[in-house]
Structure formats: structure tokens, C-alpha cells
Amino acid sequence: MSLENILSNAQRGQRELGAEKKVGWDEVTQGVVINAFEYDATNVSRELSEDRKYSDFSSYTATVASWRIIKPIYNRDICIDCQNCWVWCPDTSIISRDKQMLGIDYDHCKGCGVCVEVCPTNPKSLLMFAETADGEECLAGWPVKEKKAKETETE
Ligand code: SF4
Ligand code: SF4
């Protein structure tokens with residue numbers, strides 16, 4: 001970085017406020033805050049996500065589903081509502097109400113598979129499938145319970 005850029009760094013706020021043209025990516029003020037909500041969010045954690053007023057800058061208002069090439073499918077019949085997937089999902093894409101797992105927010109799920117890794121049931125209550133897979137067909141072909149090594153030996 002040149003000395004000229006370092007010096008202009010100190011004046012970034014002023015340049016943007018008075019700018020008649022848009023600034024470049026390397027001229028944006030560092031440490032700027034982008035509000036995720038349209039109002040004071042002090043108590044926003046008490047509101048359900050669908051009741052919150054997200055700003056246009058929030059990722060909640062945009063879908064990322066087009067990135068995904070594999071997706072998790074959820075099997076309600078096996079789930080024990082342990083909430084592991086809800087806790088570990090890095091994109092808050094597990095939908096849970098009153099400690100009951102309800103499904104997946106496919107608008108925001110990125111298909112990372114973390115929820116499947118942390119699901120403790122046997123077989124798992126979440127499994128990854130191709131993005132184009134049919135949900136009903138996936139459920140119909142769900143794996144059966146795996147026997148522990150000891151059970152297999154005694155047979
Ligand atoms: S695949 Fe990843 S992003 Fe999608 S629900 Fe599971 S943990 Fe969340
Ligand atoms: S981790 Fe598995 S068993 Fe636990 S709530 Fe999620 S899907 Fe259900």
C-alpha cells in the first residue's frame with residue numbers, strides 16, 4: 001500500500017460524506033456498521049424471526065439457495081428433538097419452536113452438512129441428498145438402524 005493511500009485513509013469519512021461520486025471498495029470507511037434491523041433491536045431476540053423487521057442489508061431478506069448443490073432432508077419419525085442441529089447450524093437455518101424441530105429454512109441453508117454430523121439418532125434424522133432429490137423418495141429409502149458391533153457378533 002502506498003503512503004498516499006494510508007494518508008487518504010484518515011480522511012475517508014469526510015470523503016464519503018461529501019462525495020458526489022461513489023467511492024471504491026478500498027475507500028469505504030473501516031468499521032462501518034450495517035444495521036440488520038429497521039428499528040432498535042434491543043429486544044429482538046424475544047421476537048420470532050418471521051415477526052422481525054429486517055433491513056434490506058440483512059441476509060435474511062435474500063435467499064442463498066442457488067449456491068447449494070446438496071441439501072439436508074429431515075425425517076420427523078426418527079427425530080428426538082434434541083436441538084443439536086438447531087444449536088450447531090452456522091446459518092440459523094433449522095426451524096424450531098418450543099424445542100420442537102420443525103424443518104429446514106431452505107432459503108438460507110447453504111448445504112454444509114453440519115446438522116447431519118451432529119444429529120445423534122440411529123439412523124440419523126437428517127441426511128444430505130442432491131439438491132434435485134425428491135423429498136418423499138429420500139424418506140422412502142431412509143437407512144435402517146445400524147446394529148452395534150457387539151449385537152452383530154452374537155447373531
Ligand atoms: S446443511 Fe448446514 S446450513 Fe443447512 S441446515 Fe444443515 S447445518 Fe444449517
Ligand atoms: S439433531 Fe437430529 S434428533 Fe436432534 S433435533 Fe436435530 S434432527 Fe432431531
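**Ligand shells and core of a predicted model**

Biologist: Among contacts in the protein between residues at least 6 apart in sequence, what percentage join residues at least 24 apart?

Modeller: The model is predicted, so local features need pLDDT of at least 70 and side-chain atom pairs pLDDT 80 or more, while totals for chains, interfaces and linings use all residues. Residues are numbered from 1 along each chain as written, and chains are lettered from A and ligands numbered from 1 in the order written. Two residues are in contact if their C-beta atoms, placed from the backbone, lie within 7 Å. Of the contacts at least 6 apart in sequence, the share joining residues at least 24 apart is 48%.

Biologist: Which residues make up the largest nonpolar core?

Modeller: Such a core is a set of buried Ala, Val, Leu, Ile, Met, Phe, Trp, Tyr and Cys residues joined through C-beta atoms within 7 Å; buried means that 20 or more other C-beta atoms, placed from the backbone, lie within 10 Å of a residue's own. The ten residues are I73, Y74, C85, C89, I94, M101, C115, C119, L126 and L127.

Biologist: Which residues closest to ligand 2 does L126 touch?

Modeller: Not counting residues up to four places away in sequence, L126 touches P72, Y74, C85, C115, V116 and C119. Ligand 2 is surrounded by 13 residues (C-beta within 6 Å), the closest being C79, C82, C85, C119 and S125. The names found in both lists are C85 and C119.

Biologist: Which residues are closest to ligand 1?

Modeller: Ligand 1 is surrounded by 13 residues. The closest are C89, C109, C112, V114 and C115.

Technical notes: Buried ≥ 20, exposed ≤ 12 C-beta atoms within 10 Å, placed from the backbone.
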